[in-house]
Amino acid sequence: MKSLVVLVLLSLAAFSQAEGVVDNEESLYVVEGRIYSAEGENSNSWQRETRILVNGGEYLGFLKQDGSFIVSNLPSGSYTLEIANPNYYYEPLRVEISNKGKFRARKLNHLQPSVVTLVAYPLKMKSLGKIRYFQQREQWRITDFLFSPMVLMMVLPLLLIMVLPKMMNDPETKKEMEQLNNMTKYELPDMSEVVASLFSDRDEPKQKSKASKKRQ
């Protein structure tokens, strides 16, 4: 009797463990998508060099010959998906998997996390451009010489000397210059007249006082 009870308990424990394994297997999901090669890229080297990194490398995926990829064994949750390639740059995405197995993908925006820009699923990703590891060396141009301060200081006075006489010969510009001169022209009185008027203003009250005394 005791042996039967032990066998039943062992069978129940094994069954519960099997159910737990089944539940764990059912709760794992697969993220899939496709990556398109950059424009003008015909070689297959970019496929061999490309890796799909989920959560910074916690999960890893590889490209197939047609550019598609699959990242498996992902439980429900939120993941960041990045495409690592030494030559081309791809925009990172955030993939959210619900408990019911529904997928939602959006662009990853570190500066504005509240801004949500949804992306179609299965994922379709294109390169944003080639990575530049080095800054391009500046090249000498004739415009750099022409627009340098020293050249401008030498050329502008010559241009003014050559252009101003031609502008003065134009009748319209002459009229404009005359109008400006008339507007800014002020008639200054003669200094002798100013001095005479000052002394005359001082002498007038004295003369008036003498005339009043004579009348008295």
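**View 1. Strand E5 and its two neighbours.** Let's start with a single pairing: Ser78 stands opposite Glu96, a residue of strand E7. Keep in mind that this is a predicted model. The strand E7 here covers residues 93–97, and five bridges join E5 to E7, with the two strands running antiparallel. E5 has another partner too: four bridges connect it to strand E2, residues 51–54, and this pair also runs antiparallel. To find your way along that second pairing, look for Val54, whose bridge partner in E5 is Leu81.

**View 2. Glu96 and its two arginines.** Stay with Glu96, but look at its side chain this time. A search of the whole structure turns up two salt bridges. In one of them, Arg104 joins Glu96, and the closest N and O atoms are 3.0 Å apart. Arg104 counts as partly exposed, because its relative accessibility is 39%. Glu96 is partly exposed as well, at 23% relative accessibility. The other salt bridge runs from Arg106 to Glu96, with 3.5 Å between the closest N and O atoms. This pair links distant parts of the chain, since Arg106 sits in strand E8 and Glu96 in strand E7, 10 residues apart. Arg106 has a relative accessible area of just 13%, so this residue counts as buried. Put the salt bridges together and, through shared partners, Glu96, Arg104 and Arg106 make one network.

**View 3. Aromatic rings that meet across the chain.** How many aromatic pairs are there? The count comes to three. One of them is Tyr59 with Tyr79, an edge-to-face pair at 6.1 Å centre to centre and 90° between the planes. Here too, distant parts of the chain are linked: Tyr59 belongs to strand E3 (residues 59–62) and Tyr79 to strand E5 (residues 77–84), 20 residues apart. Is Tyr79 buried or exposed? Tyr79 counts as buried, because its relative accessibility is 7%.

**View 4. A stacked pair and its cluster.** Now find Phe103 and Tyr121, which form a stacked pair: 4.7 Å from centre to centre, with 5° between the planes. Phe103 lies in strand E8 (residues 103–107), while Tyr121 is in the loop between strand E9 (118–119) and strand E10 (123–125), so the pair ties together parts 18 residues apart in sequence. Phe103 is partly exposed, with a relative accessible area of 26%, and Tyr121 is partly exposed at 27% relative accessibility. Add Tyr29 to Phe103 and Tyr121, and you have one aromatic cluster.

**View 5. A nonpolar patch on the surface.** For this view, head to a nonpolar surface patch of about 1300 Å², whose residues include Trp140, Ile142, Phe145, Leu152, Met162 and Val163. Two helices, H3 (142–146) and H4 (149–169), each supply at least two of the patch residues. Which helix gives the most to the patch? That's H4, with seven residues. Phe145, for its part, lies in helix H3. Phe145 counts as partly exposed, because its relative accessibility is 45%.

**View 6. Stepping back to the whole chain.** Zoom out and you'll find six helices and 11 strands in the chain. Of the chain's 216 residues, 18% count as buried. The chain exposes about 18200 Å², and carbon and sulfur atoms supply 58% of that area. Among contacts in the chain with a separation of 6 or more, 54% come from residues 24 or more positions apart.

Terms used: Residues are numbered from 1 along each chain as its sequence is written. This is a predicted model: local features need pLDDT of at least 70, side-chain atom pairs count only at pLDDT 80 or more; totals for chains, interfaces and linings use all residues. Side-chain values use heavy atoms; hydrogens and water are left out. Patches are made of residues with over 30% relative accessible area and no salt bridge: like charges are joined within 9 Å, nonpolar side chains (Val, Leu, Ile, Met, Phe, Trp, Tyr) within 5 Å. Accessible areas come from the Shrake-Rupley method with a 1.4 Å probe; for residues, only the protein chains shown count as cover. A salt bridge is a side-chain nitrogen of Lys or Arg within 4 Å of a carboxyl oxygen of Asp or Glu. Buried means under 20% relative accessible area, exposed over 50%, partly exposed in between (1.4 Å probe, protein chains only). Rings of Phe, Tyr and Trp (its six-membered ring) pair if their centres lie within 6.5 Å; planes under 30 degrees apart count as stacked, over 60 as edge-to-face and the rest as tilted. Contact means heavy atoms within 4.5 Å. Two strands pair if DSSP finds at least two bridges between them.
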